[in-house]
Amino acid sequence: MKEFSLTVSSPDGNIFSGKAVFLSLRGAEGDLAVLADHAPFVTSVQPCICCFELQDGTEKALRSGGLLTVAKNNVTLLSSSCTEEKTE
């Protein structure tokens, strides 16, 4: 799968910065997913579990809310607080 750059930041610093192939979370108007080459947009993120997958199949999950921006295969999630969730 094609990758995009993903950065998850909080006031304490970057939680994650690297390449991902998939991101899902709950935006202002409902659940959404981001893949490479997604159309540009900005949305608020409701407090939720944000899941993303890396190229090697590793899945990561964070409990977060905040602001999501997508532009030119660069995706940024800005969060006031963020905690890592365990994945199975």
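I take a strand to be a DSSP run of E of at least two residues, with numbering that starts from the N terminus. With that settled, I looked up serine 9 and found that this residue sits in strand S1. I note at the outset that I am working on a predicted model.

**Entry 1, serine 9.** I asked whether serine 9 is buried or exposed. Its relative accessibility is 14%, and because buried means under 20%, I count serine 9 as buried. I then listed what serine 9 touches, leaving aside residues up to four places away in sequence, and I found Asn14, Ile15, Leu77, Leu78 and Ser79.

**Entry 2, the chain as a whole.** I went through the secondary structure and counted 8 strands and 0 helices in the protein chain, so that I could write its pattern along the sequence as β-β-β-β-β-β-β-β. For the overall size, I compared the radius of gyration with the value for a compact globule: for 88 residues that value would be near 12 Å, and the 12 Å of the protein chain agrees with it. Along the principal axes, I found that the C-alpha atoms fill a box of roughly 30 × 30 × 25 Å.

**Entry 3, burial, contacts and surface.** Of the 88 residues in the protein chain, I noted that 34% are buried. Among contacts with a separation of 6 or more, I found that 41% are accounted for by residues 24 or more positions apart. I put the accessible surface of the protein chain at about 5,200 Å², and carbon and sulfur atoms hold 50% of that surface.

**Entry 4, charges.** I counted 11 negative and 7 positive side chains in the protein chain, and the centres of these two sets lie 4 Å apart. How many salt bridges does the count give? I arrived at 2 salt bridges, and I took them in turn.

**Entry 5, lysine 2 with aspartate 37.** The side chains of lysine 2 and aspartate 37 form a salt bridge, with 2.7 Å from N to O. This pair joins distant parts of the chain, 35 residues apart, since I find lysine 2 in the segment before strand S1 (4–10) and aspartate 37 in the loop between strand S4 (30–34) and strand S5 (41–53). I recorded both lysine 2 and aspartate 37 as exposed.

**Entry 6, arginine 26 with aspartate 31.** In the other pair, I found that the side chains of arginine 26 and aspartate 31 meet in a salt bridge at 2.7 Å, N to O. Aspartate 31 has a relative accessible area of 59% and is therefore exposed, whereas arginine 26, at 41% relative accessibility, counts as partly exposed.

**Entry 7, around aspartate 37.** I returned to the loop between S4 and S5, where aspartate 37 lies, and asked which residues aspartate 37 touches, not counting those up to four places away in sequence. I found Lys2 and Asn73. I also checked lysine 72, which is 35 residues from aspartate 37 in sequence but has a C-alpha to C-alpha distance of 6.8 Å from it in space. In the backbone, the phi of aspartate 37 is near 65°, a positive value in a residue other than glycine.

**Entry 8, asparagine 73.** I looked up asparagine 73 next and placed it in the loop between strand S6 (59–71) and strand S7 (74–78). Its phi is near 60°, again a positive value in a residue other than glycine. At 21% relative accessibility, asparagine 73 counts as partly exposed, because the cut-off for buried is under 20%.

Note on methods: Residues are numbered from 1 along each chain as its sequence is written. This is a predicted model: local features need pLDDT of at least 70, side-chain atom pairs count only at pLDDT 80 or more; totals for chains, interfaces and linings use all residues. Side-chain values use heavy atoms; hydrogens and water are left out. Helices (H or I, at least four residues) and strands (E, at least two) are DSSP runs, numbered from the N terminus. The radius of gyration is taken over C-alpha atoms; the globule rule is 2.2 Å times the number of residues to the power 0.38. Buried means under 20% relative accessible area, exposed over 50%, partly exposed in between (1.4 Å probe, protein chains only). Contact means heavy atoms within 4.5 Å. Accessible areas come from the Shrake-Rupley method with a 1.4 Å probe; for residues, only the protein chains shown count as cover. Lys and Arg count as positive and Asp and Glu as negative; His and the chain ends are not counted. The place of a charge is taken as NZ of Lys, CZ of Arg, CG of Asp or CD of Glu. A salt bridge is a side-chain nitrogen of Lys or Arg within 4 Å of a carboxyl oxygen of Asp or Glu.
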